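These are my notebook entries on what I looked up in one structure, written for a reader who is meeting it for the first time.

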Amino acid sequence: MKGETTESEYTAAVVGGTGFTGGELLRLLYQHPDFDVVQATSRSKERKTVGHVHPNLREMDLRFTSPEDLESVDVLFAATPHGVSMEHIDAFQDAADTVVDLSADFRLNTEAQYDEWYDGHVCPEYLEQAEYALPEINRENLAGAKLIASGGCNATATILGLKPLFDADVLSGDEQVVVDVKVGSSEGGAGGGDASSHPERSGIVRPYAPIGHRHEAEIEQFLGVSVSFTVHAVDMVRGASATCHVFPESPVSKGDLWKAYRGTYADEPFVRTVAGGGGVYRYPEPKSVAGTNMAEVGFELDPSNRRVVVFSAIDNMMKGSAGQAVHAANVALGLEETAGLEFTGLHPVGAP
């Protein structure tokens, strides 16, 4: 171990701790029974307290330090913009036994995918060793992993919603799949720019990626299906809500769908199926999972059009980023999977 630990405690560092997901990582790790956060880095807020940036963490006795002076730790979480981790991965791995990256730098399997969907990759030799962080689809490979890549929030919501249909052979991958995702302003990060400012964001349902969103690559990689994918920016802070329209080649019943979703997620601690029950929240809803690592998935059957409508909802900064990263780290280190992630959310609550 590069960091000094007690029998039940691992040291952790957060690189890029001033962003929204960096703050979520610090919140989760600070309350985690098995982690001791010893470093949070920031170029712009060096020597400022964590609470100076994240007011919910004012009681945390830690100041931001330079990312050039990394301490030796057991686990390093990188909450940096795309392109940063691939430039500094050698330094990250020198500093830590396990690196968990929350950017897009190691999510895809091949250099060719980065050439197609991003701007190439400067160290493609690392792609083979990286493991996708979403335990629901990659748990077995995460055990003992040294380089972990947290998934994109839009891809996470979509994959979790559709996966049971592939597991149960309701879909083969040849069908048309249309996906519409609505996301909160936090997806743009702390420096989201003019489009994320309150006067421009308030009250909108704005298509910002009608075609060609980069998260399509993850969906294709893990589900083996090409999707028609559109993303809207909407008036909420937290949350990603995916509505997927699929057209199975063979007839399917509601019983088949319940069997599929229960079969995939019955033993998953962070996925619950919500499909047309009683009350106000009859289908997956971002407000219901705000601040938590839960994903809600559900469905409705449209037999007249041979269509299945799939719904899924997550907190984009939790299940779609920091919570997924901590969950994956728990699995990699052999810890209790739910450790540090037990928050069950609030109701009622304002716009997430």
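Is cysteine 153 buried or exposed? I looked up its relative accessibility, found 7%, and so counted cysteine 153 as buried, where buried means under 20% relative accessible area, exposed means over 50%, and partly exposed lies in between, all with a 1.4 Å probe and protein chains only.

Before going further I noted that this is a predicted model, in which local features need pLDDT of at least 70 and side-chain atom pairs count only at pLDDT 80 or more, while totals for chains, interfaces and linings use all residues. I also noted that residues are numbered from 1 along each chain as its sequence is written, and that side-chain values use heavy atoms, with hydrogens and water left out.

**Entry: cysteine 153**

I found that the UniProt record, an unreviewed entry, places the feature "active site" at Cys153; its positions are given in the numbering used here, feature names are shortened, and annotations may be inferred rather than shown by experiment. Cysteine 153 lies in helix H6, and for helices and strands I follow DSSP runs numbered from the N terminus, with at least four residues (H or I) for a helix and at least two (E) for a strand. Leaving aside residues up to four places away in sequence, I listed what cysteine 153 touches: Glu187, His215, Ile314, Asn316 and Gly320, contact being heavy atoms within 4.5 Å.

I then searched for disulfides, taking one to be a pair of cysteine sulfur atoms within 2.5 Å, and the count came to zero. Cysteine 153 is in no disulfide, for the nearest cysteine sulfur, that of cysteine 244, is 14 Å away. Cysteine 244 is likewise in no disulfide, with the sulfur of cysteine 153 as its nearest at 14 Å, and cysteine 244 is buried, with a relative accessible area of 0%.

**Entry: helix H9**

I turned next to helix H9, which runs over residues 254-265, has 12 residues and reaches 16 Å from its first C-alpha to its last, close to the 16 Å expected at 1.5 Å a residue; the expected span is 1.5 Å times one less than the number of residues. Which residues of H9 are buried? I listed Leu257, Ala260, Tyr261, Thr264 and Tyr265. They cover an arc of only 100° around the axis, which puts them on the same side of H9, the arc being that of the directions from the helix axis to the C-beta atoms. The face turned away from that buried side carries the exposed residues Lys259, Arg262 and Gly263. I saw that the buried residues of H9 pack against helix H5 (135-142), helix H6 (153-167), and strands E12 (271-273), E13 (295-302) and E14 (307-314).

**Entry: salt bridges**

Side chains of opposite charge can pair when their charged atoms come close. I counted a salt bridge where a side-chain nitrogen of Lys or Arg is within 4 Å of a carboxyl oxygen of Asp or Glu, and a search of the whole structure finds 15.

One of them joins glutamate 300 and lysine 254, at 2.8 Å from N to O. This pair links distant parts of the chain, since glutamate 300 is in strand E13 and lysine 254 is in helix H9, 46 residues apart. Glutamate 300 counts as partly exposed at 21% relative accessibility, and lysine 254 is also partly exposed, at 38%.

Another salt bridge joins arginine 307 and aspartate 302 at 3.0 Å, N to O; I found arginine 307 partly exposed at 23% and aspartate 302 buried at 14%. I also noted that salt bridges sharing partners join Glu24, Arg27, Arg238 and Asp315 into one network.

**Entry: backbone angles**

Most residues other than glycine have a negative phi, and most peptide bonds are trans. I therefore marked the cis peptide bond that joins histidine 347 and proline 348, with omega about -5°; proline 348 lies in the segment after helix H11 (318-333).

Where does arginine 306 lie? I found it in the loop between E13 and E14, with phi near 50°, a positive value in a residue other than glycine, and at 47% relative accessibility it counts as partly exposed. Arginine 47 also has a positive phi, of about 75°, although it is not a glycine. Arginine 47 lies in the loop between strand E2 (35-41) and helix H2 (50-53), and is exposed, with a relative accessible area of 61%.
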